[in-house]
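Student: I should like to learn how to read individual residues in a model of this kind. May we work through some cases together?

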Amino acid sequence: MRVLKFGGTSVGSAEAIRQTGQIIRTTATEDQIVVVVSAVGGVTNQLIALADQAALRDRGYEESLAKLKVLHAGIYAELTGSEDGGFIDKLFTQLGEMYKGIFLLKELTPRTSDYIQSCGERLSSHIIYHYLKGEGVDIALYDSRDYLITDKQFGNANLLWEPSRKRLGEIKEDMPQVSLFPGFVASTEDKETSTLGRGGSDFTASLLANILEAGALEIWTDVNGLMTADPRLVKQAHLLEHVSYEEALELSHFGAKVLYPPSIQPALDRGIPIWVKNTFDPNGPTTKVTREWDQEKHLIRGISSVKDIALLTLSGNSMVGIPSFSFRLFKALSEAKVNVILITQASSEHSICVGIASADAEAAAAAVGGEFETELELRKLNPVLVENDLSILALVGSNMRDQVGVSGRMFNTLGTNGISVKAIAQGSSERNISAVIHKSDLKKALNTLHESFFLSEVKKINLFVVGVGNVGKAFLSQVQQQQRMLVKEFRLNIQVVGIANSRKAHFDEQGMDLGQWPDLLEKAGASNIDSFVEKMQSMNLRNSVFIDITASKTISEVYQQLLEASISVITPNKIAATREMDKYLALKWATRKYGSQFLFETNVAAGLPVISTLNELFKSGDKVHAIQAVLSGTLNYLFNNYDGTRPFSGIVKDAKRLGLTEPDPRLDLSGEDVMRKLLILIRESGRKFEMDQISQVSFLPEACEAADDLEAFYDSLDAHEAHFKALYEDAQAEDAQLRVVASFRNGEAKVGLEKVRKSHPFYYLEGMDNIVLFYTDRYKEQPLVVKGAGAGADVTASGIFADVLRLVNR
């Protein structure tokens with residue numbers, strides 16, 4: 001024998017009932033079956049709402065009740081081809097009389113409410129019985145009220161096992177191939193209609209399976225089974241093919257609505273396997289629930305959640321060592337009919353905290369306040385604290401038991417994404433670790449944990465890119481080119497979800513088509529950096545990374561805010577790392593406190609691994625004593641290409657056209673850019689240093705430095721062509737090359753144009769090459785050398801991309 005339960009969506013329309021009927025007919029050819037059905041989808045809620053409406057003396061219930069009658073009569077007629085023989089009319093007449101009584105008395109008792117709610121399942125089972133009977137199915141309809149006997153706790157009655165076993169035992173041998181029972185409903189020993197609580201149709205099916213000793217229980221719904229997480233919030237959630245009873249209990253308690261929690265216990269008691277199946281995909285994948293589970297499968301079986309909860313905290317020094325406080329707290333909540341979802345108490349006994357449904361928060365606070373009124377007045381206890389707008393998430397898995405590091409991994413994952421945990425609970429069974437977080441963080445938290453614990457899944461990185469000049473375009477092109485490969489080979493899904501220039505911004509939470517970004521940005525709305533940051537933070541996506549590909553001081557000033565929001569920052573913009581030392585240290589401190597990262601490898605030598613090499617030296621205990629470097633690919637290009645045959649200004653314009661200079665080349669030629677790079681290297685070597693501590697001798701005439709704008713600057717360069725020609729000829733006379741050298745030794749730093757002879761490594765630099773020499777405790781005589789192309793859009797973009805990958809792997 002098998003027991004099949006069909007939920008509200010499975011009987012929600014004539015078409016759905018036909019599909020359900022097909023499943024019943026097919027299964028009945030293989031086995032004797034018991035079928036339990038819910039009310040037509042949404043009907044129970046409507047019946048309750050109409051009762052509440054009537055209690056408020058609102059006659060609008062009459063019209064709505066008439067529509068419900070038309071709905072059921074219409075489904076009956078469509079399925080059977082005839083009108084109902086009177087059952088539907090009779091039941092709706094009784095309902096009308098009950099609603100009229102509620103209207104007159106302005107009162108809805110639990111007993112009356114149970115009778116009203118029972119009508120939904122009684123109607124649906126009547127319709128399905130006559131439909132299947134007309135299709136030639138060997139079927140009998142049983143009124144569950146005659147066989148499932150309960151106490152008088154109306155609204156959520158408890159089964160009386162012995163009389164129920166006796167009554168079902170009397171009919172078991174005579175049951176036909178298909179036996180149909182309305183779910184949810186039962187009766188007292190005095191034949192008063194009762195109900196088994198919301199979700200009670202599942203419970204009915206499980207009780208019947210237990211008492212009738214069925215071989216399997218099948219829960220037919222509109223999904224294929226239990227998922228690793230809520231698929232509405234976690235797109236990568238997938239089906240769980242097999243879970244244990246205990247895991248199913250934990251998942252269903254914390255928000256997985258596929259199974260009603262009490263329905264699992266009766267099946268568990270007899271070891272009856274439960275199958276969760278999809279009425280609309282009967283041959284699709286399913287979830288099987290049994291006593292045993294595969295120990296080799298995932299450590300975590302699922303991540304569940306409860307969206308709307310509140311935390312109620314009772315605290316005070318007078319609680320320490322007094323056992324009655326906990327008793328009185330839970331007694332007060334019980335009497336107020338407040339269900340406690342989560343409990344946590346510090347070992348100091350100074351406070352106790354409970355998680356409850358948000359809808360119960362006001363009643364709970366009043367009940368607890370009343371219970372402890374005297375202690376509160378005497379200030380022996382602190383005022384009852386209620387925190388709203390919270391959610392619970394729970395990691396569930398039997399394989400967590402005795403497994404070291406699960407909770408550490410969970411909280412580290414949440415912390416690195418800036419998700420604050422308000423309360424924690426874990427039972428000694430170790431099947432569940434629960435945490436209370438802000439409701440606004442729920443989606444991000446679920447996705448972050450899902451990526452962390454289901455390692456076969458693709459990890460998504462969400463990029464917000466500001467700046468689409470030459471380097472920005474090159475970076476977006478490189479990301480687009482590598483996206484498929486990174487997903488396929490490294491299970492890494494890098495998506496650009498926000499993009500902006502100085503005027504507009506476009507956002508797409510799922511990731512935009514990078515082949516279309518110019519058009520998307522052109523059609524986007526107006527934006528500035530403040531609105532961009534506001535939107536980014538409101539999206540609250542996991543693994544968010546802000547990439548600043550500008551030279552803007554204004555944009556660099558938002559880094560602190562972003563890092564403190566646990567959004568990592570990657571940038572070639574040198575301004576933030578070269579501001580006052582205290583502001584530089586504040587950025588570093590924010591990364592440590594909030595779990596974000598601040599990466600700026602491309603601040604020095606574009607894509608060369610200069611800063612990362614320096615960081616590794618410092619972390620491994622080496623000490624840098626001196627730095628000597630050529631740090632401007634732009635200046636190197638100028639002096640490698642200038643030979644006096646063409647004006648120096650022409651070489652500068654060539655470099656700008658090739659994207660080798662800053663938007664304003666004066667920044668490169670002034671030496672300020674090199675000074676910033678040297679300052680960064682000094683700071684990253686572990687020293688406190690300021691820009692004004694670096695001495696600089698400019699190779700530009702004073703008139704050039706004083707030029708008001710770029711055109712005036714070019715004119716001034718032409719006017720002083722003889723100066724540049726003299727510099728070149730002096731170097732040639734000494735068989736030397738001109739290099740702008742940055743150096744640091746014995747606490748002194750300087751930048752200036754030098755004549756470099758053939759014996760020095762700097763002499764042979766070509767094109768836009770940069771070179772850095774590190775003299776350290778370990779590299780005393782022969783320095784550690786980092787050399788390569790140090791300018792250009794493509795190499796700078798590749799350095800930014802490398803920082804993205806470096807961030808992912810940390």
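Tutor: We shall discuss three residues in turn. This is a predicted model, in which local features need pLDDT of at least 70, side-chain atom pairs count only at pLDDT 80 or more, and totals for chains, interfaces and linings use all residues. Residues are numbered from 1 along each chain as its sequence is written, and side-chain values use heavy atoms, with hydrogens and water left out.

Student: Where is Asp803 found, and is Asp803 buried or exposed?

Tutor: Helices (H or I, at least four residues) and strands (E, at least two) are DSSP runs, numbered from the N terminus. Asp803 belongs to helix α29, residues 793-809. Buried means under 20% relative accessible area, exposed over 50%, and partly exposed in between (1.4 Å probe, protein chains only). Asp803 has a relative accessible area of 1%, so it is buried.

Student: Which residues is Asp803 in contact with, leaving aside its neighbours within four places in sequence?

Tutor: Contact means heavy atoms within 4.5 Å. With those neighbours set aside, Asp803 is in contact with Ile570, Leu599, Phe600, Glu601 and Thr602. For Glu601, the backbone nitrogen is reached by the side chain of Asp803 at 3.1 Å.

Student: What is the phi of Phe184, and where does Phe184 lie?

Tutor: Phe184, a residue other than glycine, has a positive phi near 80°. Its place is the loop between β5 (178-182) and β6 (185-188), and Phe184 is buried, with a relative accessible area of 3%.

Student: Is Lys191 buried or exposed?

Tutor: Lys191 counts as exposed because its relative accessibility is 72%. Lys191 lies in the loop between β6 and β7 (193-195) and, although not a glycine, has a positive phi of about 65°.

Notes: A polar contact is a pair of N or O atoms within 3.5 Å; within protein, one must be able to donate a hydrogen and the other to accept it, and residues adjacent in sequence count only if both atoms are side-chain atoms.
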